[in-house]
Amino acid sequence: MKIGLMFRDISTSLFQRPVTERYPYERKGTPNRLRGKLKWNLESCTGCGLCGLDCPANAIQVHVLDRKEKRFILEYHADRCTFCAQCVHSCRQGCIDLSNTDWELAALDGDVFRFIFGVQANVDEFLVGESSADTESPTSE
Ligand code: SF4
Ligand code: SF4
């Protein structure tokens with residue numbers, strides 16, 4: 001680099017504002033097509049499980065508590081999700097979308113990446129069943 005050019009760059013840099021963004025103190029709007037955390041619309045869900053079957057990252061499990069009463073739980077693992085949107089395309093009912101505003105998912109604790117969606121009473125029932133299964137002895141001799 002020529003010495004003159006170098007001094008020009010240095011002097012320009014001295015008087016210019018930094019181009020880096022002061023995230024997270026300053027936030028810009030996100031693009032419409034940004035793919036963030038999964039959103040699920042329980043009302044239209046039929047519990048078919050296609051979203052989970054088609055997910056290449058095994059990030060979705062659909063739990064059917066009672067098909068007749070439409071008691072479904074959707075378990076979503078954001079730490080496995082590749083945000084490919086296959087689930088959005090697979091769901092014929094249009095129940096799944098990826099948020100373009102809820103995307104700041106970084107965390108130190110892995111447990112926070114697991115989301116259980118559903119009616120609260122159903123979620124509670126599911127979690128109770130899950131914890132009692134955990135406490136059962138895996139083998140009996
Ligand atoms: S966006 Fe892709 S990886 Fe994430 S849950 Fe949907 S299908 Fe799975
Ligand atoms: S594909 Fe759609 S309708 Fe089927 S279980 Fe998933 S969210 Fe529900």
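In the predicted model, the shell around ligand 2 consists of nine nonpolar and four polar residues, with no charged residue among them. The shell comprises 13 residues in total, of which Cys45, Cys48, Gly49, Cys51 and Cys91 are the closest to ligand 2.

Ligand 1 is likewise surrounded by 13 residues. Those coming nearest to ligand 1 are Cys55, Cys81, Cys84, Ala85 and Cys87. By residue class, the shell around ligand 1 divides into eleven nonpolar and two polar residues, and charged residues are absent from it.

Aromatic contacts were examined next. Four aromatic pairs were counted. One of them is formed by Tyr76 and Phe115, whose ring centres lie 6.1 Å apart with an angle of 25 degrees between the planes. The arrangement is classed as stacked because the planes are under 30 degrees apart. This pair links distant parts of the chain: Tyr76 belongs to strand S3 (residues 71-77) and Phe115 to strand S5 (residues 114-117), with 39 residues separating the two. Tyr76 and Phe115 are both buried. Together with Phe117, Tyr76 and Phe115 make up one aromatic cluster.

At the surface, Ile3, Met6, Phe7, Ile10, Leu14 and Phe15 make a nonpolar patch of about 700 Å². Leu14, one of the patch residues, is located in helix H1, which covers residues 3-15. The relative accessibility of Leu14 is 65%, so this residue counts as exposed, the cut-off for that class being over 50%.

Definitions and conventions:
Residues are numbered from 1 along each chain as its sequence is written. Chains are lettered from A and ligands numbered from 1 in the order in which they are written. This is a predicted model: local features need pLDDT of at least 70, side-chain atom pairs count only at pLDDT 80 or more; totals for chains, interfaces and linings use all residues. Side-chain values use heavy atoms; hydrogens and water are left out. A residue is near a molecule or strand if one of its heavy atoms lies within 4 Å of it. Ala, Val, Leu, Ile, Met, Phe, Trp, Tyr, Cys and Pro count as nonpolar, Asp, Glu, Lys and Arg as charged, and the others, Gly among them, as polar. Rings of Phe, Tyr and Trp (its six-membered ring) pair if their centres lie within 6.5 Å; planes under 30 degrees apart count as stacked, over 60 as edge-to-face and the rest as tilted. Helices (H or I, at least four residues) and strands (E, at least two) are DSSP runs, numbered from the N terminus. Buried means under 20% relative accessible area, exposed over 50%, partly exposed in between (1.4 Å probe, protein chains only). Patches are made of residues with over 30% relative accessible area and no salt bridge: like charges are joined within 9 Å, nonpolar side chains (Val, Leu, Ile, Met, Phe, Trp, Tyr) within 5 Å. Accessible areas come from the Shrake-Rupley method with a 1.4 Å probe; for residues, only the protein chains shown count as cover. A salt bridge is a side-chain nitrogen of Lys or Arg within 4 Å of a carboxyl oxygen of Asp or Glu.
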